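User: I should like to go through this model and ask, for each term applied to it, what the grounds are.

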Amino acid sequence: MHPAFQGLLTIAIGVSGCVGYFYLSNQVLDKVLFPARGPNVGRNINRANMIRPWLFLFPALLALGLYLAYPVFETLRLSLTDRIPGGGYKWVGLDNYRQMAAEPKFWEAMRNNMLWLIVVPAMSTAFGLLVAQLTDRIRWGNVAKALIFMPMAISFVGASVIWKLVYDTRPAEQDQIGILNALYIFFGGAEPQTWLTIPFWNSFFLMIVLVWIQTGFAMVILSAALRGIPEETIEAAVLDGANPFQIFFRIKVPQIKTTILVVWTTITITVLKVFDIVFAMTNGQWETQVLANYMFDKLFRANDWGVGSASAMVIMLLVTPILIWNVRNARKEMQ
């Protein structure tokens, strides 16, 4: 079957299945379980209306349970067990966590993840806010926004390939196709550098890729927030003699503080799960290991499902407080 036809068929079956489910479930609810007739018609209508929202929520709850809740509990179980040669599992308690904590690579991954958490959300949010402010003040701002947002349309692996070419290194006697090395030699560098193999600094070269991608996301959200600031507050500040810097930092930024925090935390969650960039560019070598790549190595290279699942639980524990904080903030705004 042709892939295009297969895709169309999948969409048709999915849409018709959803429509059929909602139609039939409502028919059963209204005609069979709680019919709107007879002496209890009022009670039946009320009961049907109480159940109806759950009919619409059921597919989403089923999908969340199947693809989110079940994997979490299964990963937790695997992190507390170990595979037996020949098949089966045995209970080992916290041994996998102890083994993981004793490995230098795990602490290298933790250290790098913390470094990513400090640099990437701050830089992406700051650049996004700066671009959102500046592009609203120029005639061709929409074109600039489109160009800056474009990396969001590229996959992390695709972006990694692009930036790997930027960091490419050729022998000194050959022309450098890597832009960074070409500039380095042009401005007086003696030998081309293998940028991705320089410990500590190579992590920053990897972070640049994610900052490049996430700046567009931050720009779009923060630009919308800046446009939503009441003009009266800005006009009042101008009349009071405030300069552009004072207007930006003392009038605009405080009014979009909540949006800035949402952007910051969203990028933070992305950083905690970062895998593609490290995998495609260094594969965790030269002291660039991160938690997600460490988990992949344990699960699919070392075939150590216990320690790999334990590292997955660590990632989930790091992400969970941020998710809870986001949900609480969203509820406060709704109230």
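The exchange below takes up the domains, their interface, one salt bridge, one residue and the annotated spans.

User: What kind of model is this, and which domains does the protein chain have?

Analyst: This is a predicted model. The domain assignment divides the protein chain into domain 1 (3-79) and domain 2 (98-334). The centres of domain 1 and domain 2, taken over C-alpha atoms, are 38 Å apart. Five residues from domain 1 and seven residues from domain 2 make up the contact.

User: How do you know what area domain 1 and domain 2 bury between them?

Analyst: The size of an interface is often given as the accessible area lost when the parts come together. For domain 1 and domain 2 that area is about 450 Å², with 85% of it on carbon and sulfur atoms. On the side of domain 1, Thr75, Leu78 and Ser79 lose the most area to domain 2, and together they account for 73% of what that side buries.

User: How many salt bridges and polar contacts are found between domain 1 and domain 2?

Analyst: The rule finds zero salt bridges across the interface of domain 1 and domain 2. The count of residue pairs in polar contact between domain 1 and domain 2, both at pLDDT 80 or more, is also zero. On the side of domain 1 that touches domain 2, the residues are three nonpolar, two polar and no charged.

User: Why is the pair of Arg52 and Asp30 called a salt bridge?

Analyst: The closest N and O atoms of Arg52 and Asp30 are 3.1 Å apart, and the criterion asks for a side-chain nitrogen of Lys or Arg within 4 Å of a carboxyl oxygen of Asp or Glu, so the pair qualifies. The structure holds seven salt bridges. Arg52 belongs to helix α2 (residues 41-79) and Asp30 to helix α1 (residues 3-33), so this pair ties together parts that are 22 residues apart in sequence.

User: What is Val253 in contact with, leaving aside its neighbours within four places in sequence?

Analyst: With those neighbours left aside, Val253 is in contact with Leu129, Phe248 and Ile260. Val253 itself has its place in helix α10 (residues 244-255). The C-alpha atoms of Val253 and Trp91 are separated by 53 Å, the two being 162 residues apart along the chain.

User: Which residues does the UniProt annotation "domain: ABC transmembrane type-1" cover?

Analyst: According to the unreviewed UniProt entry, this annotation covers residues 110-326. In the model, residues 110-326 are 72% helix and 0% strand, with the end C-alpha atoms 23 Å apart.

User: Which residues does UniProt list for "transmembrane region"?

Analyst: The spans listed in the unreviewed entry include residues 6-24 and 146-166. Residues 6-24 are 100% helix and 0% strand, and their end C-alpha atoms lie 26 Å apart. For residues 146-166 the content is 71% helix and 0% strand, with 22 Å between the end C-alpha atoms.

Notes
Residues numbered from 1 in each chain as written. Predicted model: local features only at pLDDT ≥ 70, side-chain atom pairs only at ≥ 80, totals over all residues. Heavy atoms only, no water. Domains from an automatic or database assignment. Contact = heavy atoms within 4.5 Å. Buried area = accessible area lost by both parts, 1.4 Å probe. Polar contact = N/O pair within 3.5 Å; in protein donor to acceptor, adjacent residues only side chain to side chain. Nonpolar A, V, L, I, M, F, W, Y, C, P; charged D, E, K, R; others polar. UniProt positions renumbered as here; feature names shortened; annotations may be inferred. Helix = DSSP H or I, 4+ residues; strand = E, 2+ residues; numbered from the N terminus.
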